Amino acid sequence: MKFFVDTAEIDQIKELHALGMVDGVTTNPSLIAKSGRDILEVTKEICDLVDGPVSAEVVALDAETMLAEGRKLAKIADNIAVKVPLTWAGLQTCKALSDDGIMVNVTLCFSANQALLAAKAGATFISPFIGRLDDINLDGLQLIEDIRTIYDNYGFETNILAASIRSANHMSDCAKIGADVATAPPAVIKAMANHILTDKGLAGFMADVKKANIKIL
Ligand code: E4P
């Protein structure tokens, strides 16, 4: 499973990138607003840093303006994936951009039917938001499973990009189901390293290092 990092914070991307943890980046208008940066500037900076797909989201609601925005975003770099919402206008934009050979990430997906439409419209990525489904007591992981089944049944090439990840467990659950990609905030990716038994085991080893005065350097 590929890891995308869900942030527009350059320092956080750099830290994870240095460890080989960043196969791509996703942003959205809320993350851009949080960064306080100009969308075109910060997106260009991310594209220069990361080789993989960098999702940048349109902000218009009608297809014509979305398409113009998408074409402008795509000019930033070759690795831009234009992010469009899963609305009818978004699907129209997806089809037009993917026909032009531009990567498209269809976002705000909350049902298997929406994912089916996005694949038909030529989406490179479909972004089911699992955390936001869990937040309202629906089953986000079940949606990933349903989309995996549907795409595999018909050989759709659209990549399942599990989004709205809230926990380290979400990451391993998505990997078990066979999501192609998961995009997560930096803190969640770092939390994947944590285990209470690792901490306990290390404390025991360190106590013995002290007792026996073990030195390597
Ligand atoms: C994905 O591309 C979205 O930017 C993101 O995962 C949304 O996550 P949230 O539900 O935590 O805002």
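Colleague: How far is an oxygen atom of the ligand from an N or O atom in the side chain of Asp6?
Modeller: This is a predicted model, in which local features need pLDDT of at least 70 and side-chain atom pairs pLDDT 80 or more, while totals for chains, interfaces and linings use all residues. Residues are numbered from 1 along each chain as its sequence is written, and side-chain values use heavy atoms, without hydrogens or water. For Asp6, the pair (a polar contact being N or O atoms within 3.5 Å) is separated by 2.8 Å.

Colleague: How much of the area that the ligand exposes alone does the protein bury?
Modeller: Ligand oxygen atoms also lie 2.7 Å from a side-chain N or O atom of Asn28 and 2.6 Å from one of Lys83. Of the 350 Å² exposed by the ligand taken alone (Shrake-Rupley method, 1.4 Å probe), the protein buries 84%.

Colleague: Where does the ligand sit?
Modeller: A pocket is an open set of points on a 1 Å grid over the protein atoms alone, where a 1.4 Å probe fits, with protein on both sides within 12 Å along at least five of seven lines. A molecule sits in one if more than half of its atoms lie within 2 Å of its grid points, and the ligand sits in the largest pocket.

Colleague: Which element gives the largest share of the lining of the largest pocket?
Modeller: Its lining (residues with an atom within 4 Å of a point) holds 19 residues, with Asp6, Asn28, Leu31, Phe129 and Arg132 nearest the centre. Two or more residues come from strand 5 (103–109) and from helix 2 (29–35), these being DSSP runs of at least two (E) and at least four residues (H or I), numbered from the N terminus. The largest share, 3 residues, comes from helix 2.

Technical notes:
Polar contact = N/O pair within 3.5 Å; in protein donor to acceptor, adjacent residues only side chain to side chain.
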